[in-house]
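Please open the structure in your viewer and keep the selection tool at hand. The tour moves from the whole chain to single residues, and at each stop you are told what to select and what is there.

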Amino acid sequence: MNAMKERMHTGELYLPGDAEIMKEQTKCLDRLYDFNHTRPTEFAKREAMLKEMLAEIGENCYIEPPFHANFGGAHVHFGKNVYANFNLTCVDDTHIYVGDYTMFGPNVTLATAGHPILPELREKAYQYNAPIRIGKNCWIGAGVIILPGITVGDNTVIGAGSVVTKDLPSNVVAVGNPCKILREINDHDKEYYFKNRKIELRVVE
């Protein structure tokens, strides 16, 4: 394997403009272009294309176009029943893992790529990547940005507009820039779904 290409997944500095990397990337972006130009009635076509485009994808997943991804989703791993609203951006220069039943609001960015602080290295276009791992049954609110190397635990809710700079555990509500834990998911959440609105028992039975 091309030595520069190997560095994409090791966290080492590498040059993303490498000819072999760009050749593969362009093929992926062509497929992504085709996906984003499907019609709303072409649900089966979209589903088939995602199975071809993504590294892994479980049953009953849906991505609402437009979908943006550096490698067209080639390094994105979805469990089952994952839903993504408009403008999910996956900077998938290395792997992004998403657990079952996780939901993304519109305009979420999952960024695995970073660039060195040292200006001389940026002038030469060096980059490094760190994988993102998101657990099962998470809700990632509109406009959330998740930075390289972040892990989010199961069942966690991230409030709209948050910038996630540190790992988040399971079963919490977290908000803000930088994103911080607001509270744990608790018994109150078993009774109320939004402010003072009660959950109807027949909904959860």
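Start with Asn60, which is exposed, with a relative accessible area of 55%. You will find Asn60 in the loop between α3 (43–53) and β1, and its phi is near 60°, a positive value in a residue other than glycine. Keep in mind while you look that this is a predicted model. The backbone here deserves a second look because most residues other than glycine have a negative phi, and most peptide bonds are trans.

Select Tyr101 next, in the loop between β6 (96–98) and β7 (103–104). Tyr101 has a positive phi of about 65° although it is not a glycine, and with a relative accessible area of 43% this residue counts as partly exposed.

Now zoom out and show the whole chain as a cartoon, in which 6 helices and 20 strands can be traced. The radius of gyration of the chain is 18 Å, close to the 17 Å that the globule rule gives for 205 residues, so the chain is as compact as a globular protein of that length. If you turn the C-alpha trace along its principal axes, it spans about 60 × 45 × 25 Å. Of the 205 residues in the chain, 40% are buried. With a surface displayed, you are looking at about 11,600 Å² that the chain exposes, of which carbon and sulfur atoms supply 54%.

For a place inside the chain, select Leu50 in helix α3. Is Leu50 buried or exposed? Leu50 has a relative accessible area of 3%, and it is therefore buried, since that word is used for values under 20%. Show the side chains around it, and you will see that Leu50 touches Phe35, Ile57 and Ile63, not counting residues up to four places away in sequence. Add Tyr62 to the selection as well: Leu50 and Tyr62 are 12 residues apart in sequence and 8.7 Å apart in space, C-alpha to C-alpha.

The next stop is an open sheet of 4 strands, which has the order β3-β6-β11-β14 with parallel pairing. β3 (76–78) and β14 (151–152) stand at the edges, each with a single partner strand, so one side of each is left without a neighbour in the sheet. Select β11 (residues 132–134) together with β14, and follow how they pair in the parallel sense over 2 bridges. Within this pair, Ile134 stands opposite Val152 in β14.

Move on to β15 (residues 157–158) and β17, which run parallel and are joined by 2 bridges; here Val157 stands opposite Val173 in β17. β17 also pairs with β18, this time in the antiparallel sense over 4 bridges, and Val172 stands opposite Glu184 in β18. The hairpin of β17 and β18 has 4 residues between the strands, and in it Gly176 takes a positive phi near 105°.

Stay in the loop between β17 (172–175) and β18 (180–184), where Pro178 has its place. Which kind of peptide bond joins Asn177 and Pro178? The bond between Asn177 and Pro178 is cis, with omega about 0°.

Finish by selecting Pro65 and Pro66, which are also joined by a cis peptide bond, with omega about 0°. Pro66 lies in the loop between β1 (62–63) and β2 (68–69).

Technical notes: Residues numbered from 1 in each chain as written. Predicted model: local features only at pLDDT ≥ 70, side-chain atom pairs only at ≥ 80, totals over all residues. Heavy atoms only, no water. Buried < 20%, exposed > 50% of the residue type's maximum accessible area, 1.4 Å probe, protein only. Pairing = 2+ DSSP bridges. Contact = heavy atoms within 4.5 Å. Rg over C-alpha atoms; globule rule 2.2 N^0.38 Å. Areas by Shrake-Rupley, 256 points an atom, 1.4 Å probe, with all protein chains shown as cover.
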